[in-house]
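Q: I should like to learn how to read the features of a protein model one at a time. Could we begin once the structure is in view?

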Amino acid sequence: MHRAQAVAGFQRAFGYAPTLVAQAPGRVNLIGEHTDYNDGFVMPVAIEFATWSAIAPRPDRRLLVFAGNKSEKLEIHLDSPGTPLQKHWGDYVRGVAVELEKDGFHLRGADLWFAGNVPDGAGVSSSAALEMSVGTALLANSGIPIDRIRLAKAGQRAEHHYAGTKCGIMDQFISANGKAGHALMLDCRSLQFQLLPIPDTLSLVICDTGVKHQLAGGEYNIRRAQCEEGVETLKHVLPEIRALRDVTSAAFETHAHRLPDVVRRRCRHVILENDRVAQFAEALKHHDLPALGKLMAASHNSLRDDYEVSCIELDTMVACARRAPGVVGARMTGGGFGGCTVNLVHTDKAAEFQASVASAYHTATGHHARLFLSAAAPGAGVVV
Ligand code: GLA
């Protein structure tokens, strides 16, 4: 999608030209899964699929919103924005506007058009892309400089209060702060981050299993609660801990027997996954490709066996990738229960890799996988 398409879309919806255009990307996560809400570490990458917003100010405090992909309209009054949890795309727009205002940003009314090409429901953060795109447009339209951290936090609160998912900060943060050619290693407690270059010789291939199991939302919140239960129990012997992020693998070994089996396995995943993120960063810095592959495999296996958020289709897709030409590493990415895998692949073999995975996955499951090739893309911003 291009700026010109966003301008044309706005023009068709409102009959005049927008004053500015913003975009924000979806993401994949290379490693560090289900660690963000445990104050841990993640390593996401912004992708070349984005939501675009075109906007112009209105003299009143109304937002007239046009969803280009659906050809649907909605009116939101900033002084009485309406109730959350309507299970509608408007929740994300309303949520981000309300949360920005609660944070002290006074927004102008606007005519707002948005559309994008982030695959929906595939676990690559189409909702974060929408929140960050609309949030960037609303702030810029109000003449307010973009504070990417406050914007990401407003998007996360919009998910909690308006969409009903108790997500961590990863998706909004990478959508707001991604950098072309780089992965972003984020400390989800301090929100300090490091940008790590991805070697030019490697490509990201995203493989969509084409399935999304219904239990995803409920199970996500259950995993969160199990991690919190683990922290409460471990606090009896490790009183200084606030989150699983504070538990070293050595301390965990000593005290794990205090936890019920399921909680113990959930905690083990999170604690070892945090270590893997640090090791992955080192491997990336030293171009140690075998180490990258091993860490991605260990992450996937842990999500499958200890955290139990994988599914047969994700496991099959990863198995197909591990046998395909050019693969460096493969694992499920995002919340799980369907959605996508992320694959690091030698660029000169990317086409062969995709053909091999698509055919093997179809033979094994009968499903047609959608495969996407992406470079690491820039984060949200106004597009001139
Ligand atoms: C979803 C959430 C993120 C994160 C991942 C799992 O994408 O939105 O905050 O918890 O799942 O790593």
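Q: By class, how many nonpolar, polar and charged residues does the lining of the second largest pocket have?

A: The model before us is a predicted one. As a general idea, rolling a probe the size of a water molecule over the atoms shows where empty space is left. Here, the second largest pocket has a lining of 10 nonpolar, 2 polar and 1 charged residues. The volume of this pocket is about 210 Å³. Among its 13 lining residues, those closest to the centre are Gln23, Ile47, Glu48, Ala50 and Ala377.

Q: Which elements give two or more residues to the lining of the second largest pocket?

A: Two strands do so: β1, residues 20-29, and β3, residues 44-57. The largest share comes from β3, which supplies 5 residues.

Q: Let us turn to the ligand. Which residues are around it?

A: The shell consists of Arg27, Glu33, His34, Asp36, Tyr37, Cys167, Gly168, Met170, Asp171, Tyr220, Gly334 and Gly335. Sorted by class, this shell holds 4 nonpolar, 4 polar and 4 charged residues.

Q: Which polar atoms of Glu33, His34 and Asp171 lie by an oxygen atom of the ligand: side-chain or backbone?

A: A polar contact is read here as a pair of N or O atoms within 3.5 Å. For Glu33, a polar side-chain atom lies 2.6 Å from an oxygen atom of the ligand. Asp171 likewise places a polar side-chain atom 2.6 Å from a ligand oxygen. In the case of His34, a polar backbone atom is 2.7 Å from an oxygen atom of the ligand. As for cover, the ligand has 310 Å² of accessible area on its own, and the protein covers 91% of that area.

Q: Asp171 and Met170 also belong to helix α5. How many residues of helix α5 are buried?

A: In general, an α-helix has 3.6 residues a turn, so residues three or four places apart point the same way. Helix α5, residues 170-177, is mostly covered, with 8 of its 8 residues buried. They are Met170, Asp171, Gln172, Phe173, Ile174, Ser175, Ala176 and Asn177.

Q: How should I read a positive phi, and where does Asp39 lie?

A: Most residues other than glycine have a negative phi, and most peptide bonds are trans. Asp39 is not a glycine, yet its phi is positive, near 60 degrees. This residue lies in the loop between β1 and β2, the latter being residues 41-42. A second case is Ser125, again not a glycine, with a positive phi of about 65 degrees. Ser125 is found in the loop between β6 (110-116) and α3 (126-141).

Q: Why does Ser125 count as buried?

A: The test is a relative accessible area under 20%. Ser125 is buried because its relative accessible area is 9%.

Q: Are Asn38 and Ile31, in the loop between β1 and β2, buried or exposed?

A: Both residues lie in that loop. Asn38 has a relative accessible area of 4% and is therefore buried. Ile31 counts as buried because its relative accessibility is 0%. The side chain of Asn38 also has a polar atom 3.0 Å from the backbone oxygen of His34.

Q: What does the side chain of Asp187 reach?

A: Asp187 lies in strand β7, residues 182-187. Its side chain reaches the backbone nitrogen of Arg189 at 2.8 Å. With a relative accessibility of 13%, Asp187 counts as buried.

Q: Finally, how should separation along the chain be set beside separation in space? How many residues apart in sequence are Ile31 and Gly339?

A: The two separations are read as a pair, with distance taken from C-alpha to C-alpha. Ile31 and Gly339 are 308 residues apart in sequence and 16 Å apart in space. Phe337 and Phe353 are 16 residues apart in sequence, with 24 Å between their C-alpha atoms. Phe337 belongs to the loop between β10 (327-332) and β11 (338-346), and at 8% relative accessibility Phe337 counts as buried. For Ile144 and Ala129, 15 residues apart along the chain, the C-alpha atoms are separated by 20 Å. Ile144 lies in the loop between α3 and α4, residues 148-163, and counts as buried at 16% relative accessibility.

Technical notes:
Residues are numbered from 1 along each chain as its sequence is written. This is a predicted model: local features need pLDDT of at least 70, side-chain atom pairs count only at pLDDT 80 or more; totals for chains, interfaces and linings use all residues. Side-chain values use heavy atoms; hydrogens and water are left out. On a 1 Å grid over the protein atoms alone, a cavity is a set of points where a 1.4 Å probe fits but cannot get out, and a pocket is an open set with protein on both sides within 12 Å along at least five of seven lines; lining residues have an atom within 4 Å of a point. Grid points are joined across faces, edges and corners, and a volume is the space filled by probe spheres set on the points. Helices (H or I, at least four residues) and strands (E, at least two) are DSSP runs, numbered from the N terminus. Ala, Val, Leu, Ile, Met, Phe, Trp, Tyr, Cys and Pro count as nonpolar, Asp, Glu, Lys and Arg as charged, and the others, Gly among them, as polar. A residue is near a molecule or strand if one of its heavy atoms lies within 4 Å of it. A polar contact is a pair of N or O atoms within 3.5 Å; within protein, one must be able to donate a hydrogen and the other to accept it, and residues adjacent in sequence count only if both atoms are side-chain atoms. Accessible areas come from the Shrake-Rupley method with a 1.4 Å probe; for residues, only the protein chains shown count as cover. Buried means under 20% relative accessible area, exposed over 50%, partly exposed in between (1.4 Å probe, protein chains only).
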